[in-house]
Amino acid sequence: MTYPLIVIPFLVVAAVLTLCTARRPRFGQRMLASSIAAVALVILTAVFDNVMIGQGLFTYPVEHLSGWRVGLAPIEDFAYPLAAAFAVPAVFTLLSPRVDAAA
């Protein structure tokens, strides 16, 4: 079970970054947008990973996987688009200057 251990840090970092933006303006809007992006990315991952694995473009050693799959795609493949959908907007928000409400 190597791959599940590899993806855990990505998910944890994405969650921490996202939580660090909770007090920034429009947090709810960002979460809605990130959720929509995550759904789209997970669907695209499911489609294209299954096509690529089905065509034999790559394989995964079974001993390194959790065993859960969506079609032919291991569940671990879905962690990266999920993390990106939340981490990228969070990093952008954290790197953006804060707007002073009194100004």
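This dialogue explains how to read several features of the structure shown above.

Biologist: What kind of model is this?

Modeller: It is a predicted model, in which local features need pLDDT of at least 70 and side-chain atom pairs count only at pLDDT 80 or more, while totals for chains, interfaces and linings use all residues. Residues are numbered from 1 along each chain as its sequence is written, and side-chain values use heavy atoms, with hydrogens and water left out.

Biologist: How many helices and strands does the protein have, and in what pattern do they follow?

Modeller: Helices (H or I, at least four residues) and strands (E, at least two) are DSSP runs, numbered from the N terminus. Here there are three helices and two strands, and along the sequence they follow the pattern α-α-β-β-α.

Biologist: What is the radius of gyration of the protein?

Modeller: The radius of gyration is taken over C-alpha atoms, and the globule rule is 2.2 Å times the number of residues to the power 0.38. The protein has 17 Å, whereas a compact globule of 103 residues would have a value near 13 Å. Its C-alpha trace spans about 60 × 25 × 20 Å along the principal axes.

Biologist: How should one read pockets, and what volume does the largest pocket have?

Modeller: Rolling a probe the size of a water molecule over the atoms shows where empty space is left. On a 1 Å grid over the protein atoms alone, a pocket is an open set of points where a 1.4 Å probe fits, with protein on both sides within 12 Å along at least five of seven lines; lining residues have an atom within 4 Å of a point. Grid points are joined across faces, edges and corners, and a volume is the space filled by probe spheres set on the points. The largest pocket holds about 260 Å³ of space. Twelve residues line this pocket, and R24, P25, R26, R30 and T93 are the closest to its centre. Helix α3 (residues 79–95) gives the most to the lining, with three residues.

Biologist: Is R30 buried or exposed?

Modeller: Buried means under 20% relative accessible area, exposed over 50%, and partly exposed in between (1.4 Å probe, protein chains only). R30, found in helix α2, has 15% relative accessibility and therefore counts as buried. With contact meaning heavy atoms within 4.5 Å, R30 touches T21, R24, P25, P89 and T93, not counting residues up to four places away in sequence.

Biologist: Which residues line the second largest pocket?

Modeller: Its lining consists of P4, V7, L11, S66, W68, I75, E76, F78 and A79, around a volume of about 150 Å³. Helix α1 (residues 2–20) supplies the largest share, three residues.

Biologist: How many aromatic pairs are there, and why is the pair of Y3 and Y60 edge-to-face?

Modeller: Rings of Phe, Tyr and Trp (its six-membered ring) pair if their centres lie within 6.5 Å; planes under 30 degrees apart count as stacked, over 60 as edge-to-face and the rest as tilted. A search of the whole structure finds three such pairs. The ring centres of Y3 and Y60 are 5.7 Å apart and their planes are at 85 degrees, so this pair is edge-to-face. It links distant parts of the chain, 57 residues apart: Y3 lies in helix α1 and Y60 in the loop between α2 (27–54) and β1 (69–70). F58 and Y60 also form an edge-to-face pair, with 5.6 Å centre to centre and 90 degrees between the planes. Ring pairs thus link Y3, F58 and Y60 into a cluster.
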